[in-house]
Amino acid sequence: MLQQLKTAAVNAQKNAHAPYSKFYVGAAIIANDGKIYNGCNVENAAYPLGQCAEASAIGAMVTQGATQIQQIIVVSPNAEYCYPCGGCRQKIAEFAQADTPVILMTSEGECTTTTVAELLPHAYVFPLDDQQD
Ligand code: THU
């Protein structure tokens, strides 16, 4: 399954739309439905409108009705790990647990694993249970 996750991330990375930064990123998720969802970064001429690979993969997952990230991998375009940006850490946390593995892979295939809690300690969580109908 890990090999399939890596392959899905690398395949997504090939489709990255990153003409401005030329920094091509791929991501892939194993979700609670047992399926793999992938995504790439999608930049825009209006720079702030660009979307990270992680956000694309999360969008693909949610669109298909899955609700939980079991593992996520992010593939960088170079020999350094591409750690998720702050916004993506929050986006991942929305659909994951504190101990959910976040795998980083370089263009050489080297991997390291961290967790959601390590990337985003003291994550903001909306108190949904306290809401009145
Ligand atoms: N990027 C990602 O897709 N994921 C990350 O974790 C960090 C950065 C993208 C955003 C932008 O398209 C490009 O990389 C350069 O920052």
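**Contacts around the ligand**

Visitor: Which atom of A53 lies 2.9 Å from an oxygen atom of the ligand?

Guide: It is a backbone N or O atom of A53 that lies 2.9 Å from that ligand oxygen, which falls under the polar contact cut-off (a pair of N or O atoms within 3.5 Å). Please keep in mind that this is a predicted model, in which local features need pLDDT of at least 70 and side-chain atom pairs count only at pLDDT 80 or more, while totals for chains, interfaces and linings use all residues. Residues are numbered from 1 along each chain as its sequence is written, and side-chain values use heavy atoms, with hydrogens and water left out.

Visitor: And how far is the side chain of E43 from the ligand oxygen?

Guide: An N or O atom in the side chain of E43 is 2.5 Å from an oxygen atom of the ligand, and E54 also places a polar side-chain atom 2.6 Å from a ligand oxygen.

Visitor: Which other residues are around the ligand?

Guide: Besides A53, E43 and E54, the surrounding residues (a heavy atom within 4 Å) include S21, F23, V25, N41, C52, C82, Y83, P84 and C85. The shell divides into eight nonpolar, two polar and two charged residues, with Cys, Tyr and Pro among those counted as nonpolar and Glu as charged.

Visitor: Changing topic, what is the order of elements along the chain?

Guide: From the N terminus, the order is α-β-β-α-β-α-β-β-α, giving four helices and five strands, taken as DSSP runs (helices H or I, at least four residues; strands E, at least two).

Definitions and conventions: A polar contact is a pair of N or O atoms within 3.5 Å; within protein, one must be able to donate a hydrogen and the other to accept it, and residues adjacent in sequence count only if both atoms are side-chain atoms.
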